[in-house]
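Work through the exercises below with the model open beside you. Each task is followed by a worked solution.

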Amino acid sequence: MKDFTKKLLERAINKGFSDAEVYISGGSSLGISTLDGEIDKFESSSSGGVSFRGTYNNKMGYSYSELINGEAIDIIITEAMQNSEILEEEEQDKLYKGGVNYPEIDGFNEELKNIPAEEKINAALSMEKSAKQVSGSIKGVDYNEFEYRQSGILIANTYGMDIEYNSNGAIAYSYARAVKDGETKTGLEFWTGLEWGEFKPGEIGKTAAETALSKLGAKSIKSGQYKIIMQNTAFADFIGTFSDVFLADKAQKGLSLLAGKLNEQIASEIFTLRDDPVYPGSIRATPFDAEGVAAFNKAIIENGVFKTFLHNLKTARKDGVESTGNASKASYKSPVKVAPQNLYVPAGKIAKEELLERAGEGIYITDLAGLHSGADEISGDFSVSAEGFLIENGKLTRPVEQITIAGNFFAVLKDIEAIADNLRFTYSGTGSPDVYIKSLAVSGSGE
């Protein structure tokens, strides 16, 4: 890789580029799924390639290739030269000259890498088996999978930047199905991490089954205004759905209502929202972004005050600020965009039980459906299906289904009354504790 990178950059300068950058990414994964006590899928895959960009005749040119060898060098450079003549952009990308200090992250666990495939298979089988053992009403585990991933990124340019980072991690999830008296309910439980010793497959299957069983007998409720507590994973998904409003490129295009509201109070004083690419133990952690800018933990909202948009170099120049280290590339083929990396609501100081006691009466939301189709990311309005449990006298009682919650994202941020201490990240990289919301409109059909 190093030899290829050096030759590509040297050849680009010889061909007339005033600067150039090489971005190489690749990875592999092993997916194991089980069904009815047998291996349903055992799939190993890998992918990777190189993207190149550089300034040619004062315009940025781009190209990419799956081939990383000497034969590809001239093709890559020629395509970038041709693309620089075609692409018309008012604001040209510029290469980053490199940072002085990058955070030290140990995101690659050799022990996890070396776990034998047989042990991973047994863990997946254990998740399914433990789910079925919980009750005779568990009639199947429809999705039961363990996946190991590892990846690497290298960025080098003609300004002297030469950085790389390797990471790995695992994801496991079990999706159990409970059936009783003609009624069917499902329950999901998952785990993500770097430490094999923290992975408890039996507990994952058991929790998935118990979640499915707890939903049996669910009914709707009367329509009205209710106090709402959103479970940590549900609120994390909720925040993730509206995360685009915090991206600088969206604001610059007039697609975020937060444009012009920096340093204004936009949420409850107890609410903080952070983006932390270096979050300890995260399988998404990285010391630098897709442009080589050092990653760091930053508050987007702090004590209710809107502190910053998320920026890459291009959006930062446009706003006259520093990049927040949030340049992102979905793959080596993708253009540089802006995205959060470990977006989360920090844990509060009270337990879930105290949160329920504070609410007294209301609804505990565990699942939201149709978030992307039922939410307007620009206006913040949403109307989505939900499931959960009734809160009565500060305790969870019967399960609730066939309800729709509606409101506005920005209003919800202002109506947050309390935050629990049970921070949890979803496998998409967004995290939250349970959150108590003063009131939301609920549509139901119950008596």
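**Exercise 1. Locate Leu255, classify its exposure and find the surface patch that holds it.**

Step 1. Leu255 sits in the loop between helix 7 (248-252) and strand 8 (273-275). Helices (H or I, at least four residues) and strands (E, at least two) are DSSP runs, numbered from the N terminus. This is a predicted model: local features need pLDDT of at least 70, side-chain atom pairs count only at pLDDT 80 or more, and totals for chains, interfaces and linings use all residues. Residues are numbered from 1 along each chain as its sequence is written, and side-chain values use heavy atoms, with hydrogens and water left out.

Step 2. The relative accessible area of Leu255 is 32%, so Leu255 is partly exposed (buried is under 20%, exposed over 50%, partly exposed in between; 1.4 Å probe, protein chains only).

Step 3. Leu255, Leu257 and Ile378 make a nonpolar surface patch of about 220 Å² (residues with over 30% relative accessible area and no salt bridge, nonpolar side chains joined within 5 Å; a salt bridge is a side-chain nitrogen of Lys or Arg within 4 Å of a carboxyl oxygen of Asp or Glu).

**Exercise 2. Place Asn263 and Asn58, and give the sign of phi for each.**

Step 1. Asn263 also belongs to the loop between helix 7 and strand 8. Its phi is positive, about 70°, although Asn263 is not a glycine. Asn263 is exposed, at 60% relative accessible area.

Step 2. Asn58 lies in the loop between strand 2 and strand 3. Its phi is also positive, about 65°, and Asn58 is not a glycine. With 71% relative accessibility, Asn58 counts as exposed.

Step 3. Why note the sign? Most residues other than glycine have a negative phi.

**Exercise 3. Give the strand order of the open sheet and identify its edges.**

Step 1. Six strands form the open sheet, in the order 3-2-1-4-5-6, with antiparallel pairing (two strands pair if DSSP finds at least two bridges between them).

Step 2. The edges are strand 3 (59-65) and strand 6 (183-193). Each has a single partner strand, so one side of each lacks a neighbour in the sheet.

Step 3. On average, neighbouring strands of this sheet are turned by 15° against each other, direction ignored (axes are lines fitted to C-alpha atoms, for helices over the stretch in contact; angles run from 0 to 180 degrees between N-to-C directions).

Step 4. Strand 5 (residues 162-180) pairs with strand 6 in the antiparallel sense over 11 bridges. Val179 has Thr184 in strand 6 as its bridge partner.

Key:
Patches are made of residues with over 30% relative accessible area and no salt bridge: like charges are joined within 9 Å, nonpolar side chains (Val, Leu, Ile, Met, Phe, Trp, Tyr) within 5 Å. Accessible areas come from the Shrake-Rupley method with a 1.4 Å probe; for residues, only the protein chains shown count as cover.
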